[in-house]
Structures are given as structure tokens and as C-alpha cells.
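Please look over the sequence and the structure shown below. The paragraphs that follow lead through some of the features to be found there.

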Amino acid sequence: MKGQGTRIDAVMETIRSRIASRAYPPGARLPSVRAQAQAMGLSVSTVVEAYERLVAEGAVRSRPGSGFYVSGPAAPLALSEIGPKLDREVDPLWISRQSLETGDAVPKPGCGWLPPAWMYEDGMRRALRALARADAPVLADYGTPLGLPPLRQLLARRMAATGIEAAPEQIMLTDSGTQAIDLICRFLLEPGDTVLVDDPCYFNFHALLKAHRAKAVGIPYTPNGPDVAAFEAALRDHAPRLYITNSAIHNPTGATLSPVTAHRLLKLADGSGLVIVEDDIFADFETAPAPRLAAFDGLDRVIHIGSFSKTVSASLRCGYVAARADWIDSLVDLKIATTFGNGHLAASVLLAALTHSGYRKHMEEVRHRLAEAMDKTVARLRAIGIQPWLVPQAGMFVWCRLPDGVDAADIARSCLKDDVVLAPGNAFSQSRSAAGFLRFNVSQSGDGRIFQVLARALEACRG
């Protein structure tokens, strides 16, 4: 009886999971009891009992002579239920929650931001004091649809320094870089569309694409950018709508796109209908400018986005999109429909912070501190048998290979028990081929306890 109950529960959980992920939307007909029984290797009577219990719960309804159907309305979207079941230690949403919810005393070498003491605190305080005396509209009114004009003019000048020609009218402010990608996905994608991502890539790209019901296809990433042959094959085999990437400092690898690879990518994309979204959030960490796809393309089929949550303040939510004028017009409509208007106050504070001479000095210091932290972190990791995939020229991330046979999820699970939050490789990998990798944030790796805990975890895994 116990085994029978377990089998019934397995059927019910399978159906609940597919309803939660909306693989079975409201009104959808469930597989026949015979088909479900055959698919799961169970008896028809077991599936019938499971379906009847789901009817009793109200999750499905029975139509005599027709079958079983999903009840409405739609169940709340459960992103963790979309796609293959993941061990929570390698789930992107889990990593984000652990990094955000743990206290300051917990080392977080797996998180994606600088320590608060490294951020532009003095500039923020100065800007806030100045804005406290601003006119009432700045403090209390909505911003214009495109966003604060002086900030957009500043962004146009900053982009020009990397070869990107964008008039202020081609730039729209958003509440964050994440919102920028979300709006672009709303604008260009339909459920089921294919999107290319780097493999590995920033793990929240995966979560966003799940939310938009897109099909993600990973392109192996090399020290010079995406694998061009794999990119060409994906264009041919999947007819993707978007490609989302970093081209300045890549997350998580720290690699830099080469000019040759950039030209080849754009040549392949030409005439394919592919739109490229270039996330430039780490621009100010560069010591020497890397190629920008938007500069080579002239914002024809490349959309350029960014924000300042990594360099000024994560608490100050302000990002931007630069694109063709006709696309910006449609994106403005979407922004109004979903958020009405971006924060006038946030944009004004950011403008004041960026235009003060202190910001340049702040970033010089941050780049120097990151270079020192990179050297120290890489040396400490090598001492315990963890090797960098490459040593980045700039930025906060180093992508590291664990000793052969060691699984990053096991290491993360072990280290979490000792209050160290890591970022295992498969959270970044669409193909789930990075089980032997960890991403380290060198700015968050100064605590010696991290390497003691890692060494113990590695020893336990080897034993």
C-alpha cells in the first residue's frame, strides 16, 4: 500500500508541477490515463486514482467521456518549476536570494556586487544633500517618458567615448538594467521564441527568459567571446530572435570580446533577423575599452543597455536602453504601460553623482582595489587547488575550475553550512556543463575564512 501511495503521489506531483509552470495552462486536456500510465511506467488504476484526487483538490476537472482538464484560473507563475528540476544550490534564484538575504557578517564570494564600503557613498551623500533642496517637481513628480534629459545627454557622451553614436532621443531611462532587458523581451519576444545566451552567462538572464516563456540556447564562451562556429550553427538550426551578451567584461568569466570575434558575429547576424542585446553594466571597471557591438553596428540591430548599480549604488535604481529611434518609441509605450514612469529623483541623484569630479577618483580607486584583490584571490585559490579559467584584465569576477571529479554543487552545499555563499557553475550554464566551476567575486573574497572553509570542503569531497 505504501508503494502504491508513493506512485499515486508521483503522478500528482508531475501534474501539479506542469500546471504550476503553465506547461498545462487552464483548460488544457491532460494526457489520457492510458498515455500517462505508459509514459510513467505505471498501472492505469494508479493514474486514475491520482487524477481523481486532483479533481478532489480542485486542480483539475473531469468531463465524462472526454477526459480530465486543468481548472482555471491560471495558477501563479512558479519560475522554479519551469524547465528541469534543479538542486536549489545551483538554482540562479536560490543564489540571488541567499546573497541578498544573508547578513553582512556572512562572506559572499558568490554574489555579484561590490561591498558597500567600496561603493560611491560620499558621492551619494553629497548628491542627496543637494537634491534635498531641489524644487518640488524633482522630489514629488513623475519623470518624462524618456527620462531626465541632462542624464540622457551625459549617457550619450559616455557612449561616444566607446564609439557608440546615440542621440539623447535614442536613450530611454529605466529603473534598472534588469528592467531594460525585461522591456526588450516584452517588445520583441513571443512565448516559444528562441534566445541565444552565452554558456556560461549571467544567471539572471536564464530566470528572465523563463519568465517570458522563451527557449534559451547556449553558445559556448571562449576567452575571445562566443564560439563563432557554434553561433553560426545556432542561427541556422534555431532561427533565434535575440542574443543577449556582455561584451566589455563578461559575466561570469571576466573575458573580453575581441574585435575579430565581434566583426564575425555581426556578419553572421546580418540578414538573419537576429537582434543583439549588449549589456554594458561593467563598463566603468575597464582599464582599457573593449570592442562594443553597438559601436560596430551603429545601433541598427544591436540594443545597448546598462546601469550604475555596480559602481554608484545598488540602492539607487536607474538604468538605460539605447536603440533605434523607432524601437525606443515603442519601448517608451511599454514602460508607461508597465511602470508609468521612471524615478525623477533617482535619475537626478545619479546625474549629480556622475558629474562630480569625485566619481572619476572613486572609480580609479575601485579599479586599483580590484586589481589587488584579483591577485590575492587567485593566489589563495591556486594554493588550495582551484585554478582560474583565465585571469581577467579587469573587473570583479574570476571563473575557476575545481579539481577533477569535484562537483561545485556539493562544495556550495558544504560551504553554506559554514555560512559561506558560493556561486556554482551550473547556475550560469544553459547546457549544465559547468558542474566543475565556481565564480568568485574578488571584492567579496578578502575574508580568510572563505579559503579555510573551501579547503575543508574540497578535502571532504576528495575523501
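How do the residues of the lining of the largest pocket divide into nonpolar, polar and charged? In this predicted model, the lining comprises 23 nonpolar, 16 polar and eight charged residues. The space within the largest pocket amounts to about 1,100 Å³. Its lining consists of 47 residues, and those nearest the centre are Leu100, Gly112, Trp113, Lys310 and Ala314. Several elements contribute two or more residues to this lining, namely α4 (92-101), α8 (177-188), α9, β9 (302-307) and α17 (449-462). The greatest contribution comes from α4, which supplies five residues.

The backbone deserves attention next. Most residues other than glycine have a negative phi, and most peptide bonds are trans. Against this background, four places in the chain may be examined in turn.

Two of them concern peptide bonds that precede a proline. The bond from Asp199 to Pro200 is cis, with omega near 10°. Pro200 belongs to the loop that runs between β4 (194-199) and α9 (203-211); α9 is also one of the elements that give two or more residues to the lining of the largest pocket. A cis peptide bond is likewise found between Asn251 and Pro252, where omega is about 20°. Pro252 is located in the loop between β7 (242-246) and α11 (259-269).

The other two places concern phi. Ala239 is not a glycine, yet its phi is positive, at about 45°. This residue is situated in the loop between α10 (228-238) and β7. Is Ala239 buried or exposed? Its relative accessibility is 63%, and because exposed means over 50%, Ala239 counts as exposed. Arg432 also has a positive phi without being a glycine, with a value near 60°. The loop between β13 (423-424) and β14 (437-441) holds Arg432. With a relative accessible area of 35%, Arg432 is partly exposed, since that term covers values between the 20% limit for buried and the 50% limit for exposed.

Finally, the confidence of the prediction should be considered. The mean pLDDT of the chain is 91, and 94% of its residues reach 70 or more. Where does pLDDT stay under 50? This occurs over residues 83-87, for which the model has six contacts beyond four places in sequence. Where pLDDT is low, the predicted coordinates should not be read in detail.

Key:
Residues numbered from 1 in each chain as written. Predicted model: local features only at pLDDT ≥ 70, side-chain atom pairs only at ≥ 80, totals over all residues. Heavy atoms only, no water. Helix = DSSP H or I, 4+ residues; strand = E, 2+ residues; numbered from the N terminus. Buried < 20%, exposed > 50% of the residue type's maximum accessible area, 1.4 Å probe, protein only. 1 Å grid on protein atoms, 1.4 Å probe; cavity = no way out; pocket = protein on both sides within 12 Å on 5 of 7 lines; lining within 4 Å. Points joined across faces, edges and corners; volume = space filled by probe spheres on them. Nonpolar A, V, L, I, M, F, W, Y, C, P; charged D, E, K, R; others polar. pLDDT = per-residue confidence, 0-100. Contact = heavy atoms within 4.5 Å.
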